[in-house]
Amino acid sequence: MPVEPVVEILDATVYFQGSTALESVDFRMFPGEVHSLMGENGAGKSTLIRALTGALRLDAGVVRLRGDIVQFSSPAQAQRAGISTVYQEIDLLPNLSVAENILLGREPRRFGGIDFPRMRREAKALLEGLGVGIDPASLLGSHPLAIQQLVAIARAISSDVEVLVLDEPTSSLDLDEVAELFRVIRKLKKRGVAILFVSHFLDQVYEICDRITVLREGRVVGEYLTTELLRIELVEKMLGRAIPDQFVLPRAETVREDEGEPAVFTARGVTVGAGIVDADVDIAEGEVLGVAGLLGSGRTELARALTGVDRLDAGILHVAGAARGWRSPREAVRLGIVYSSENRRAEGIIGELSVQDNITLAVQAQRGVLRRMRRSRQRELAGSWAEALGIRPADLDLPAAALSGGNQQKVLLARLLALSPRLLVLDEPTRGIDIGAKVEIQKLVAELADNGLSVVFISAELDEVLRVGHRVAILRAGRVVENMPADELTVDSLLALVARPEDVE
């Protein structure tokens, strides 16, 4: 008798502000399997997961759990029904004990109070069931991130879980910690738990997952057994285009600048967890280094490592020939290294502040609270940059949130350029903006390079990387595997390089 799915989503459709996020999507998970949901940004993965876990209601379609149609009004209701989620950002309390975190809100009671001995016994049993031997009375914050992740899983399965959603669980783990997590996943799989493993790391998907569903532009491309889908075929299905065999190039030696001016910035052996491993980078004065790679290849991790946002586990950085090290973005800024995050809303623009305040924010922070800029000087500085970058509308008192995405990006660039940097690291600076603003940003980067500013330009759009960059650094699985002049590449040959699986090298 065939095994029935434990959970199904049938004909799911979701609309957001007039656009279709999901269109007639079917998705299913079986007991005792690890299932991956794959697709590029905007494919609909997050929307589907939110619908499955009760965080979003479908505009059309149904969710079936154990064959019955269900409607969840909240993630808590979904959890009570047997669907639990462990998020990328661990939502536990480090100041409480491991046992308190596992049973928070479900503490055993005795004589009107919490029965702490029983709580610790129950937590210990859950942890031992996962093969995790830690003291349940210890503070959660005293343990490394990988152990906290396992505690979050123990909490998720402390109720009768049948479906477990793991949202980017390995993004902050090193290789040994990933191996420990996979051991726990396999243990849960043997218990019959259906696990949705959401990750951008292709090698991990192929190591742990039994089945893959591919989404593209809110539609299902197909459902496949991992053993029957080559990695290169998966990439083609995600991207919606074939990669011709003639463009699968042999691996080339990394190109080093040995002519002209010395590099103004070099990095050797940069490593941060499993996100970026043993990376070498050279950037000359006035050069635009394009960075290309699939999602999960380490693009953002590289940007954060070079600019002090994430602490290095290993590596040496040089600025203008001198060895340097920085433990924070503030120290990097002092050396002329500035960073524009791919998430400009959460890590860039402050929507409630005016355009003027947003532009002058970094300069004021550099001066300190005791050296306040005069309002007239703020006006002059913000006005000059707004004019230079063509920020529209030209109203410095307008809240930044009222601007279009392209003009918000210009405001953020103005803030960074006001610091007179020597290296500008841009992570997806044209994402989510219209074509006209995108061209303006690309032209601006070219003009800045012509005036001697060095730029790292990261983009998921390969044609954009080739159009803007002088050289291209190609990332796969957290490593810089190629470093080539942009004029020696085409979009197809670059696509072949970023998508080529490691096992063909």
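**Helices and sheets in a predicted model**

Student: In this predicted model, what span should the 15 residues of helix H13 have at 1.5 Å a residue, and how far apart are its end C-alpha atoms?

Tutor: Helix H13 covers residues 375–389, and the expected span of a helix is 1.5 Å times one less than its number of residues. For the 15 residues of H13 this rule gives 21 Å, which agrees with the separation of the end C-alpha atoms, namely 21 Å.

Student: Which residues of H13 are buried, and on which side of H13 do they lie?

Tutor: The buried residues in H13 are Gln378, Leu381, Ala382, Ala386 and Leu389. Because they cover an arc of only 125 degrees around the axis, they are placed on the same side of H13. Glu380, Glu387 and Ala388, by contrast, are exposed on the other side of H13, so the buried residues share one side, within an arc of only 125 degrees.

Student: Which residue just after H13 takes a positive phi?

Tutor: The place to look is the position that directly follows the helix, just after H13. There the phi angle is positive, at about 70 degrees, and the residue that takes it is glycine 390.

Student: How are H12 and H13 placed against each other, given the angle at which their axes cross?

Tutor: The axes of H12 and H13 come within 9 Å and cross at roughly 105 degrees. Residues of both helices meet here, with Gln356, Asp357, Ile359, Thr360 and Val363 on the H12 side and Arg375, Gln378, Arg379, Leu381, Ala382 and Trp385 on the H13 side. Since angles of 65 to 115 degrees count as roughly perpendicular, the crossing makes H12, relative to H13, roughly perpendicular.

Student: Is alanine 362 buried or exposed, and which residues does it contact beyond its neighbours within four places in sequence?

Tutor: Alanine 362 belongs to helix H12, residues 355–367, and its relative accessible area is 16%, so it is buried. Its C-alpha atom is separated by 7.2 Å from that of leucine 419, although the two residues are 57 residues apart along the chain. With neighbours within four places in sequence left aside, the contacts of alanine 362 are Arg415 and Leu419.

Student: What is the relative accessible area of glutamine 408?

Tutor: Glutamine 408 sits in helix H14, residues 405–417, and, without counting residues up to four places away in sequence, it touches Arg344, Ile349, Ala400, Ala401 and Leu403. Buried means under 20%, and glutamine 408 is buried, with a relative accessible area of 8%.

Student: Which strands stand at the edges of the six-stranded open sheet?

Tutor: The order of the six strands is E6-E9-E10-E3-E11-E12, with mixed pairing. A strand with a single partner has one side left without a neighbour in the sheet, so the edges are formed by strand E6 (83–86) and strand E12 (219–225).

Student: Which residue in E12 is the bridge partner of isoleucine 212?

Tutor: Strand E11, residues 211–216, runs antiparallel to E12 and is joined to it by six bridges. Helix H8 (residues 231–239) packs on this sheet and touches E3, E11 and E12. In E12, the bridge partner of isoleucine 212 is tyrosine 224.

Student: In the open sheet of four strands, which residue in E14 stands opposite phenylalanine 265?

Tutor: This sheet has the order E14-E13-E16-E17 and antiparallel pairing, and its edge strands are E14 (276–284) and E17 (322–324). Six bridges join strand E13, residues 263–272, to E14. Opposite phenylalanine 265, in E14, stands isoleucine 283.

Definitions and conventions. Residues are numbered from 1 along each chain as its sequence is written. This is a predicted model: local features need pLDDT of at least 70, side-chain atom pairs count only at pLDDT 80 or more; totals for chains, interfaces and linings use all residues. Side-chain values use heavy atoms; hydrogens and water are left out. Two strands pair if DSSP finds at least two bridges between them. Helices (H or I, at least four residues) and strands (E, at least two) are DSSP runs, numbered from the N terminus. Contact means heavy atoms within 4.5 Å. Axes are lines fitted to C-alpha atoms, for helices over the stretch in contact, and angles run from 0 to 180 degrees between N-to-C directions. Buried means under 20% relative accessible area, exposed over 50%, partly exposed in between (1.4 Å probe, protein chains only). The arc is that of the directions from the helix axis to the C-beta atoms. Angles under 35 degrees count as roughly parallel, over 145 as roughly antiparallel, 65 to 115 as roughly perpendicular and the rest as oblique.
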